[in-house]
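Good morning, and thank you for making time on the agenda. I should like to take you through one structure, beginning with a pocket and ending with a single residue.

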Amino acid sequence: MVDDLFSPRLSPSEPDYLVGLNAEQRLAVETTEGPLLILAGAGTGKTRVLTTRFAHILLQQRAWPEQILAVTFTNKAAKEMRERISVILDKPVEGLWLGTFHSLCARMLRQHAPRVGLERSFTILDADDQLRLLKQVMEPWKLDLKRWPPAQLMHQIQLWKDKALLPEEITAAHDTDLANGQARAIYAAYQARLKELNACDFGDLMLHMVTIFRQHPDVLAQYHHRFRYILVDEYQDTNAIQYLWLRLLAKHPDGDPANIACVGDDDQSIYSWRGAEIANILRFENDFPGARIIRLEQNYRSTPRILSAASHIIAHNEDRLGKTLRPGLESDEGELVDVISTPDSDDEARIVGMRIQTLHQEGQAYGDMAILMRAGFQTRPFEEALMRMGIPYQIIGGLRFYERAEIRDAIAYMRAVLYPLDDLAFERIVNLPKRGFGNVALSRLRLTAREAGRSLQQTLQQQIEHKLIKGKSAATLAELLAALEKARKIVAKEGHVVATETILEESGYLTMWRDDPKTVEAAGRLDNIGELLRAIGEFPTMEAFLEHIALVMESDTLQEERDKVSLMTLHAAKGLEFPTVFLPGWEEGIFPSQRSLDEGGNRALEEERRLAYVGLTRARERAIILHAASRRIYANWQDSIPSRFIEELPDKHIKRHSPARHNPRPGSFFARQAQANMSRSPSSSRYRPEALSNRPTIPLGATVQHSRYGEGVVIGVEGERLSVNFEDVGLKRIMAGFVKVVS
DNA sequence: CACAAATGGTTTTTT
DNA sequence: ACCATTTGTG
């Protein structure tokens with residue numbers, strides 16, 4: 001510890017990192033001692049304050065990096081924070097405890113795993129494994145799985161874990177009638193089985209650490225001694241167990257609490273359905289007496305008009321701490337917020353596309369524009385419209401790299417190599433490719449293995465040796481076990497990358513995809529596996545890689561930094577900003593979502609409203625709200641009325657438009673049908689216009705031109721769906737309407 | 001045991 | 001309309 005830690009710090013001139021902060025921001029940075037709650041509205045420089053505060057504490061030598069605990073919600077936020085601190089300090093920072101709640105807990109739990117009956121090498125299960133394990137655990141209860149879906153019970157267990165409830169702590173008040181009243185017992189069995197497998201699920205990372213803190217004061221004391229400063233980002237999103245964990249770390253039984261600073265915005269709390277509790281913000285003062293509260297209300301992001309629109313909407317919420325965003329930019333009022341009524345959802349998509357084109361011609365980069373919607377399925381019509389117009393776009397969120405089947409298969413193979421006791425991994429791969437070992441055989445094997453208290457791999461080996469499994473499948477299974485064994489030797493000798501290649505090759509997994517009749521998809525899958533191998537190579541060991549992907553599910557590998565319009569959900573947009581933001585689908589039932597309202601009533605409505613607030617405050621210069629009178633949902637057309645949020649906008653700053661229907665005769669049922677057919681298989685309706693039916697199908701081998709992908713050769717035709725091998729970008733699946741025949 | 005037909009359910013999502 | 005999963009058939 002430094003001797004002069006608390007001696008007065010002389011600063012002849014003000015350090016440059018403090019220059020340019022406003023009074024509130026500066027106060028938030030310099031109030032380093034004692035509990036602090038920073039209520040930071042959208043665009044008020046929250047991240048800047050947090051990182052500057054961090055740097056300030058370090059530069060004033062109030063603490064070493066390893067004495068600071070900084071918690072974020074996403075890995076992305078953690079990464080950004082680390083980078084920005086390095087910039088201020090002008091050197092990389094090492095030794096920080098900076099990460100997500102879960103990654104920090106994982107780090108701690110590796111140290112103390114034996115205290116909860118785990119080995120330090122425990123594996124972390126993902127959602128898929130969790131559910132499969134739960135289904136197995138539920139078997140003895142012989143429940144009707146239709147009536148009591150395992151997924152629902154899984155959700156309930158997660159909620160319990162989010163509340164830090166162990167199975168034995170579930171009282172009647174917490175219990176449910178799920179699983180025919182057996183939920184508590186199944187939860188207990190599930191936890192027991194996890195321990196047998198030396199595994200834990202995501203919720204356990206936090207639950208185990210809280211359990212350890214509660215039952216082993218010596219461990220907690222260690223961390224009390226270590227952490228002098230605690231910083232928490234996105235505090236409004238913390239759930240009960242995260243709050244408990246923070247409180248355990250921050251409050252010292254003897255003496256002063258750690259210096260805890262939490263940053264949050266109650267108006268941006270949009271994850272209550274995931275267990276987040278706004279109440280955590282409200283009770284901060286009770287738990288940390290003498291806490292100071294600083295409000296950041298100066299917005300440096302959006303034009304006054306956009307701010308006014310956002311403020312008017314959020315003002316309709318009752319459950320608020322109260323905060324007013326003030327324009328902090330020295331600019332004029334800015335453009336009016338557009339509200340555009342369209343006849344139907346296809347027009348909506350096309351109008352957005354046209355606006356994007358116009359803005360682009362005026363000089364705005366595609367990357368400066370975003371379309372933000374309530375739900376993921378709403379991206380479809382926009383994708384079609386943008387593709388047709390040749391506008392580059394990217395979907396943020398969506399299918400993540402590590403969730404793809406082939407990636408998870410490949411990882412399961414590696415787990416089976418590395419951890420012969422990992423039954424869940426082995427179950428996934430034992431019959432993939434088909435080895436004549438289906439569900440029936442697997443259940444039988446599982447039973448034998450459990451009775452003998454051995455792993456599936458061991459048991460299978462024995463059964464083959466004792467000729468309990470015969471014929472062709474015995475031979476293929478023996479090959480699999482041999483391949484696993486071989487890969488194990490290779491890990492030691494030639495490293496984990498070669499070992500992965502070997503196991504995927506020799507198990508026949510890669511061949512399975514090479515022989516797959518769906519050429520296009522299979523090729524994509526093989527590409528993804530190549531991508532995976534590259535990613536694995538960036539880690540020193542396979543274990544390090546597995547830990548990484550367990551905690552960081554997003555794909556850094558696939559992120560392109562190209563100039564593209566971003567499509568994403570409002571949830572995914574939190575924390576981002578764009579000069580131009582399109583907000584389509586502002587209709588009753590869609591946004592606010594009927595589903596939410598049915599489930600959560602007024603509380604849910606307020607959360608939907610916060611979502612609208614988040615959406616609007618993403619915009620820097622221009623916000624365009626749209627709603628359609630009629631929307632295609634699944635197969636049908638549904639009429640809809642404008643969202644109540646539109647009425648909550650301030651007239652003064654709004655401009656309303658209702659462009660005429662672009663395509664056929666306005667309004668008629670037949671026109672709608674014709675429109676519907678434009679983007680679907682032409683054979684799906686008898687209302688198909690002649691022009692479409694007469695369009696010649698594109699022949700195999702034709703050369704075609706695509707606005708974005710360039711030239712390519714058609715190598716497959718399935719009705720309207722073409723498989724085209726493009727010169728530049730390779731194999732793609734394209735609708736015939738998107739290409740022009742060249743020769 | 002594998003494959004094909006039928007069924008049901010479809011917000012938001014990180015870690 | 002579309003998907004993933006379950007149920008029925010060879």
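The second largest pocket in this predicted model holds about 750 Å³ of space. Its lining consists of 26 residues. Those nearest the centre of the pocket are Ser-272, Trp-273, Glu-599, Ala-604 and Glu-607.

Which elements give two or more residues to this lining? They are α6, spanning 150-162, α11, spanning 279-282, and α26, spanning 594-616. Of these, α26 gives the most, with 11 residues. As to chemical character, the lining of the second largest pocket divides into 10 charged, nine nonpolar and seven polar residues.

I turn next to a pair of strands. Strand β16 covers residues 619-633 and strand β17 covers residues 636-639; the two pair in the antiparallel sense, and four bridges join them. Within this pairing, Arg-631 stands opposite Gln-638, the latter being in β17. Together β16 and β17 form a hairpin, with two residues between the strands. For those who examine backbone torsions, Tyr-634 in the turn has a positive phi of about 55°.

Let me now step back to the chain as a whole. Chain A contains 29 helices and 23 strands. It has 743 residues, and 53% of them are buried. The accessible surface of chain A is about 34,300 Å², with carbon and sulfur atoms accounting for 51% of that area. How are the contacts in chain A spread along the sequence? Taking contacts between residues at least 6 apart in sequence, 73% join residues that are at least 24 apart.

I close with one residue, Arg-326. Arg-326 is placed in strand β10, which comprises residues 326-327. Is Arg-326 buried, partly exposed or exposed? Its relative accessible area is 35%, so Arg-326 counts as partly exposed, because that class runs between the 20% limit for buried and the 50% limit for exposed.

Leaving aside residues up to four places away in sequence, Arg-326 touches Glu-24, Glu-297, Gln-298, Asn-299 and Leu-307. A further pair is worth displaying on the screen: Arg-326 and Ala-42 are separated by 284 residues in sequence, while their C-alpha atoms are 11 Å apart in space.

Note on methods
Residues are numbered from 1 along each chain as its sequence is written. Chains are lettered from A and ligands numbered from 1 in the order in which they are written. This is a predicted model: local features need pLDDT of at least 70, side-chain atom pairs count only at pLDDT 80 or more; totals for chains, interfaces and linings use all residues. Side-chain values use heavy atoms; hydrogens and water are left out. On a 1 Å grid over the protein atoms alone, a cavity is a set of points where a 1.4 Å probe fits but cannot get out, and a pocket is an open set with protein on both sides within 12 Å along at least five of seven lines; lining residues have an atom within 4 Å of a point. Grid points are joined across faces, edges and corners, and a volume is the space filled by probe spheres set on the points. Ala, Val, Leu, Ile, Met, Phe, Trp, Tyr, Cys and Pro count as nonpolar, Asp, Glu, Lys and Arg as charged, and the others, Gly among them, as polar. Two strands pair if DSSP finds at least two bridges between them. Buried means under 20% relative accessible area, exposed over 50%, partly exposed in between (1.4 Å probe, protein chains only). Contact means heavy atoms within 4.5 Å. Accessible areas come from the Shrake-Rupley method with a 1.4 Å probe; for residues, only the protein chains shown count as cover.
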